[in-house]
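Here are some short exercises to work through with the model on your screen. Try each task yourself, then follow the solution step by step.

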Amino acid sequence: MSVNNKNLKWTIIGGGNGGQSVAGHLGLMGFSVKLYDIIPETVEKINEQGGIFLEGIVNGFGKVELATNNIEEALKDTDIIMIIVPSLAHKEIAKMCAPHLVDGQIVFLHPGATFGALAFHKIIEDEDCNANVIIAESNTLIYACRLIEPGRARILGVKDRILVAALPANETDRVVKILNAAYKEVEAAENVMVTSFDNTNPIVHPTTTLLCTGLVESNRDWLFYWDGFTPSIGSFLEELDQERIAVGNALGLNLITCKKQYELEYGVCEDTLEQAVKNTQAYAEIKGQHSLNTRYILEDIPMGLLPLASMGKLLGVPVERMETVIRFCEYFLHKDFSSNGRTVENLGLENMTADEIMEFVKTGKKLKCNNQ
């Protein structure tokens, strides 16, 4: 597989905001691109146009060789399978992909949410997939973007850096070099624990949404990252963020704060998280929701905050704020996130020590006593 030219063949799984933005931009850069989505109208429109129109800070028309509803067709003869779907769909996507994966392919969860690569690995293993593939994940989506309509997307901002790691970690440098053929912004993280803990959506999204219920359930338009971030909410989020960092520290990870991430990804340097968020231009146009049934809770709790809290409890790290936010979201939405989300148990990490977990993400191998 060449890493320095346009010969790489990409398949994008997911035709939403991120999927169409990435597919269009890769096509605009001259790469061979296929796109898979479950919505027939999306597939038909992209095939009719022959690609995707982009506007915003990236302008032009990106050729898409094929859009399809057939997963086998999408995965055939491709080098990189980039999965850009809500993490709630990762399990189903993994099951769909498992029979069709072949040796040498890279499965890239973009982003992986929290422990996405671990979850994907566990699922295809349970599906008896024997293909020698590398599973990688990023900490975040490279774009701030919105879908205008099928076949037309707006890219509002491109992050200055995103972190990527592979499972096992000894494949990370190779994966990053391949992704750099399209995205120079991709940087290697030490392992998938770093990329998972560097995902700060669970810190920023659920609590802000919950504490802005009055705005959410009003009839007025509001801006999530402007109206939603008050000094008190920002202060609480910084304390919540410290719990994330503490859990990471228990695994030996040297993490940066959420506020520092805004500096590295968007060049925004401010004294508080509230100020950093409000001065991130790429987020200026993003409107707030009008229902609590939003991905900011429905996804970022079970696929984000819950696994962080579960890991904290396994390692004996206090996560009271995380548990409080999870519980309140369950109460407000009358949903059981705790039984259905990602936990150390359903990731196959229960009863493991911090050292054993880190050895697994480095080598891809578990001790036999923990693999029973």
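**Exercise 1. Find where the largest pocket lies with respect to the two domains, and say why.**

Step 1. Begin with the bounds: the chain is assigned domain 1 (5-196) and domain 2 (199-341), bounds that come from an automatic or database domain assignment.

Step 2. Both domains give residues to the lining of the largest pocket, so the pocket lies between them. Here a pocket is an open set of points on a 1 Å grid over the protein atoms alone, where a 1.4 Å probe fits, with protein on both sides within 12 Å along at least five of seven lines; lining residues have an atom within 4 Å of a point.

A word on the source: this is a predicted model, in which local features need pLDDT of at least 70 and side-chain atom pairs count only at pLDDT 80 or more, while totals for chains, interfaces and linings use all residues. Residues are numbered from 1 along each chain as its sequence is written, and side-chain values use heavy atoms, with hydrogens and water left out.

**Exercise 2. Describe the lining of the largest pocket.**

Step 1. Count the lining: 41 residues, of which Leu141, Asn201, His205, Arg295 and Tyr296 lie nearest the centre of the pocket.

Step 2. Sort the lining by class, which gives 18 nonpolar, 16 polar and seven charged residues. In this scheme Ala, Val, Leu, Ile, Met, Phe, Trp, Tyr, Cys and Pro are nonpolar, Asp, Glu, Lys and Arg are charged, and the others, Gly among them, are polar.

**Exercise 3. How much area do domain 1 and domain 2 bury between them?**

Step 1. Place the domains: their centres, taken over C-alpha atoms, are 24 Å apart.

Step 2. Look at the contact (heavy atoms within 4.5 Å): domain 1 gives 20 residues and domain 2 gives 23 residues.

Step 3. Read off the area: about 1900 Å² is buried, 59% of it on carbon and sulfur atoms. Buried area is the accessible area (1.4 Å probe) that two parts lose on being put together, summed over both.

Step 4. Within domain 1, Leu88, Thr114 and Arg161 lose the most area to domain 2, together 26% of what that side buries.

**Exercise 4. Which residues does a cis peptide bond join?**

Step 1. Recall that most peptide bonds are trans.

Step 2. One cis bond joins His110 and Pro111, with omega about 5°.

Step 3. Another cis bond runs from Leu167 to Pro168, with omega near 5°.
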